[in-house]
Amino acid sequence: MASKIHTGRFFEDFKLNEVIQHATPRTITAGDCAMYLAFTGTRNPLHCSTPFAQSLGYTQMPVDDLLAFHIAFGKTVPDISVNAVANLGYADVRFLQPVFVGDTLTTTSTVIGLKQNSSGKNGVVWVRSTSVNQDQQPVLSWVRWVMVHKKNLDVPAPETVIPELPAYVEAQQLRLPEPFTAHHEISVATGGRYFWEDYAVGERLRHPSGLTLNDSDHTMATHLYQNNARLHFDAHLMQSTPQGQRLIYGGVVISACRALSFEGLENALSIAAINGGTHANPSYAGDTIYCMTEVLEQWALPHPQLGALRLRMIGLKNIPPDHVENIKTSQGYHPNVVLDLDITVLIPRKGN
Amino acid sequence: MASKIHTGRFFEDFKLNEVIQHATPRTITAGDCAMYLAFTGTRNPLHCSTPFAQSLGYTQMPVDDLLAFHIAFGKTVPDISVNAVANLGYADVRFLQPVFVGDTLTTTSTVIGLKQNSSGKNGVVWVRSTSVNQDQQPVLSWVRWVMVHKKNLDVPAPETVIPELPAYVEAQQLRLPEPFTAHHEISVATGGRYFWEDYAVGERLRHPSGLTLNDSDHTMATHLYQNNARLHFDAHLMQSTPQGQRLIYGGVVISACRALSFEGLENALSIAAINGGTHANPSYAGDTIYCMTEVLEQWALPHPQLGALRLRMIGLKNIPPDHVENIKTSQGYHPNVVLDLDITVLIPRKGN
Amino acid sequence: MASKIHTGRFFEDFKLNEVIQHATPRTITAGDCAMYLAFTGTRNPLHCSTPFAQSLGYTQMPVDDLLAFHIAFGKTVPDISVNAVANLGYADVRFLQPVFVGDTLTTTSTVIGLKQNSSGKNGVVWVRSTSVNQDQQPVLSWVRWVMVHKKNLDVPAPETVIPELPAYVEAQQLRLPEPFTAHHEISVATGGRYFWEDYAVGERLRHPSGLTLNDSDHTMATHLYQNNARLHFDAHLMQSTPQGQRLIYGGVVISACRALSFEGLENALSIAAINGGTHANPSYAGDTIYCMTEVLEQWALPHPQLGALRLRMIGLKNIPPDHVENIKTSQGYHPNVVLDLDITVLIPRKGN
């Protein structure tokens with residue numbers, strides 16, 4: 001009798017334009033939100049105060065953007081990346097609708113690119129994934145590409161198709177909450193005094209706080225997202241790998257950086273897009289994550305009260321950001337850089 | 001003044017047919033369910049998707065069977081097993097009604113067997129425990145037996161009464177959800193392609209994933225269940241024992257195995273019974289749990305859409321299941337076997 | 001461009017009578033309550049059983065008193081104690097209204113005392129903090145004082161004002177739940193047989209259970225409370241301090257002691273006041289916390305069914321309470337004492 005264990009797709013199993021419906025529709029609850037708070041310590045009032053959310057025009061608190069992203073993303077892992085050699089990148093990640101407690105997310109992916117590597121042993125797969133809520137409204141859409149092992153080396157290489165991806169999500173494509181009545185009075189709830197006009201392109205924010213990750217917390221977070229990549233959970237397996245231990249899911253590092261960057265970006269209420277990103281080095285239990293932000297662009301928006309900042313969010317391990325000047329040289333990334341994320345946030349204008 | 005600290009019952013404190021009403025009625029919340037997800041990574045959509053549960057005829061998501069069991073079970077610990085030398089076994093564990101968020105469980109036990117050991121220093125106590133919801137409907141019923149210390153060795157031995165216990169819960173005694181409209185389309189949500197007819201008696205499923213347990217996660221889980229057995233929580237106490245460290249509550253291992261066995265049993269939506277079980281060896285923080293399943297019996301049921309599989313669920317530590325052939329020999333259990341559980345699951349038929 | 005990182009107030013930044021509105025209003029959810037259970041293992045049915053709470057006259061389960069306190073308190077940290085050298089004490093902590101799931105707490109502090117130290121390098125700041133719910137009803141009020149660094153040593157010392165603080169909250173100032181229909185039948189749910197009349201001034205309860213804390217659980221708890229004091233989270237920073245590692249937030253120790261003291265105080269349903277308290281020694285991951293309680297006073301109350309006990313709750317690390325006689329000598333605290341808390345609890349009378 002053939003094995004009933006689904007070991008996940010290998011490179012030769014992906015077909016261009018194939019649509020993959022991922023399992024495990026997921027209803028988000030107040031329990032998820034509380035755990036996300038416990039994992040990150042985030043203090044953004046939009047996700048922890050009903051009256052604050054309502055004062056901005058929301059009917060209830062929206063779920064943290066990254067919690068929704070990690071849950072939606074986790075559903076793709078069993079089909080897309082469980083046999084991945086490497087997660088190579090993200091692009092064009094759009095946050096299309098707020099997600100609320102009680103919403104159920106279902107994720108689908110389409111294969112949009114394929115390129116077998118010259119070794120013939122693996123290849124790169126590009127997928128566009130979309131997560132919809134119970135009303136079939138798209139709430140998240142993103143592209144990622146992974147290098148996946150080939151199992152049967154005799155299968156001929158597919159035609160190479162490399163999708164064109166935008167360098168960033170353009171301002172006119174960003175979701176703009178409507179209604180949204182934010183103004184400088186939100187400072188009382190956020191604790192932040194700086195608004196869209198106050199930031200300058202090229203400015204660096206060296207966020208001082210650090211967050212040390214441990215095995216229980218990173219595995220609990222990754223389990224909550226139902227990401228089943230074995231390298232995060234199986235210490236016995238990892239003992240015989242070069243890493244020697246469980247790797248921390250990159251999404252845990254992204255969330256740590258977003259929470260750490262609250263200090264100095266208190267009014268950056270929502271993430272509108274992740275334009276691209278690289279996990280430059282792995283993180284392990286015991287590592288302390290720090291974050292540095294660089295302002296890349298400052299966009300006016302067709303919205304009376306909001307502007308956008310395109311930010312470079314640099315995650316560091318075991319070195320505070322005031323000790324790092326060069327993120328990347330011709331030699332590659334600084335060895336303590338764990339994340340290089342290009343992200344667009346919405347932030348109220350000062351108003352008048 | 002006499003101590004007000006209730007140290008729990010000793011062997012001589014149990015009387016045959018005595019009914020013990022356990023403290024701490026417990027309302028189950030969405031927070032419990034999220035934490036259970038974080039502890040186990042379970043991907044069964046019945047417990048994490050409201051629309052999926054509703055598509056099967058449930059009014060809302062039922063709580064994971066084992067979460068309800070651990071919470072109900074935890075209430076018995078202060079009265080039954082806080083002075084236990086050993087938890088010897090379970091039998092006749094029946095899941096009688098689904099449990100929903102908002103339900104409050106109250107547990108009662110009846111002493112159904114007593115046998116003082118020949119040493120005169122301890123004895124075995126059998127109890128049948130029943131947990132009811134706020135409408136007094138029984139939701140769970142189980143028998144377990146524990147070896148308990150005697151405190152006052154002068155108390156004469158009670159009459160020996162050993163209850164007759166069924167080897168397994170018979171098919172006609174299983175709870176069958178009504179209505180329940182599952183069919184092969186559930187594959188979209190579960191990700192599993194195999195149904196009741198696809199399994200064969202004697203078949204073994206070697207589930208590949210492993211789950212490494214750590215101190216924070218196992219103690220948080222056991223706390224959530226309000227199980228107060230000291231050996232799970234008190235590292236200082238355990239330093240002077242042969243184990244030298246905190247033991248992981250057996251229920252944590254059962255839940256890990258249930259979650260790990262999802263791969264290959266994706267459509268085994270519900271547990272209908274635990275027929276028996278043994279914690280063959282202890283587990284400690286740092287151990288990686290694996291699971292292997294053997295199909296023991298395959299029962300048609302008086303239900304148009306469901307069948308039952310009686311499964312032997314073997315929990316292993318620090319050895320993947322494809323490295324283990326003999327679970328038990330005349331010498332006893334393989335030293336890496338931590339759990340030998342006989343369990344009955346409900347699984348939809350393929351239909352037509 | 002000036003840094004946008006708010007590094008918190010230094011001693012010279014506090015002005016007498018200044019009112020500080022703290023950021024991050026916080027809606028409490030069922031997820032918070034479940035996590036609190038997982039952190040502490042508390043078995044008080046008032047906070048985990050809706051029917052029990054309703055049988056006492058509550059409309060729903062009130063949130064654990066200390067969970068509400070830690071959340072309210074956490075909001076003050078970024079403004080008051082992020083640059084603290086030491087948290088010197090609490091006084092006059094009053095629990096004024098029950099807090100329910102769905103309530104949103106907002107915290108404000110007033111500077112009520114200032115005293116620059118003779119070194120000129122730091123000073124003591126006293127604040128009274130008040131937390132209100134979404135209906136602007138005060139739910140918690142407390143005084144604490146902290147020693148805070150001076151940044152600019154040239155700023156002249158402020159006038160010394162030391163507030164008069166009560167040694168304890170007097171009986172007539174305690175919140176008394178109304179209606180409240182507790183009586184000896186609550187024993188079924190609490191498991192406790194002792195009521196107000198059964199305790200005697202001077203009596204000591206040596207609670208036997210211990211709770212070992214670990215890095216993931218203490219940091220997750222402190223994150224849940226949105227307390228951002230860096231010394232709890234940043235292991236890299238702490239490596240170069242005398243402690244060498246992350247300190248456990250004192251509130252985590254208070255909650256551990258409250259949960260451990262359930263055994264012997266099962267009917268002490270609510271905390272009405274914290275009269276004062278000291279964190280006598282720090283705690284670190286791996287420490288096992290124990291608790292000993294001494295009955296200080298026994299107060300009749302103007303309530304038909306409730307009495308109050310003023311208790312001294314002693315937290316110990318790595319030594320069970322039956323090995324400790326002298327909490328404090330002229331040399332100071334026993335080195336294993338981590339907490340000396342003066343607390344008033346409400347406990348039903350036996351009735352008749």
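Copies are superposed by least squares on the C-alpha atoms of residues with pLDDT of at least 70 in both. I work here with a predicted model, in which local features need pLDDT of at least 70, side-chain atom pairs count only at pLDDT 80 or more, and totals for chains, interfaces and linings use all residues. Residues are numbered from 1 along each chain as written, chains are lettered from A and ligands numbered from 1 in written order, and side-chain values use heavy atoms, without hydrogens and water.

**Entry 1: symmetry**

I laid chain B on chain C. The RMSD is 0.0 Å, after a turn of 120° and a shift of 0.0 Å along the axis. In chain B, I find the C-alpha of G31(B) nearest the axis, 2.3 Å from it.

I then laid chain A on chain C. This takes a turn of 120° and a shift of 0.0 Å along the axis, with an RMSD of 0.0 Å. The two copies are thus related as by a three-fold rotation axis. The C-alpha of G31(A) is the one in chain A nearest the axis, at 2.2 Å.

**Entry 2: chain B against chain C**

I looked up the contacts (heavy atoms within 4.5 Å). On the chain B side 33 residues take part, and they touch 49 residues of chain C. I also looked up buried area, the accessible area (1.4 Å probe) that two parts lose on being put together, summed over both. Chains B and C bury about 3000 Å² between them, with 60% of it on carbon and sulfur atoms. K4(B), I5(B) and H223(B) lose the most area to chain C in chain B, together 22% of what that side buries.

Do the copies use the same or different surfaces? Only 15% of the interface residues of chain B are also interface residues in chain C, so the copies meet through different surfaces. For chain A the share is only 11%, so here too the copies meet through different surfaces.

**Entry 3: a helix pair between chains A and C**

I checked helix α1 (residues 30-40) of chain A against helix α6 (residues 215-224) of chain C. They pack at an angle of about 115°, with their axes 6 Å apart. α1(A) and α6(C) are therefore roughly perpendicular (65 to 115 degrees). Residues of α1(A) in the contact include M35(A), L37(A) and F39(A), and those of α6(C) include M220(C) and H223(C).

Notes
Axes are lines fitted to C-alpha atoms, for helices over the stretch in contact, and angles run from 0 to 180 degrees between N-to-C directions. Helices (H or I, at least four residues) and strands (E, at least two) are DSSP runs, numbered from the N terminus. Angles under 35 degrees count as roughly parallel, over 145 as roughly antiparallel, 65 to 115 as roughly perpendicular and the rest as oblique.
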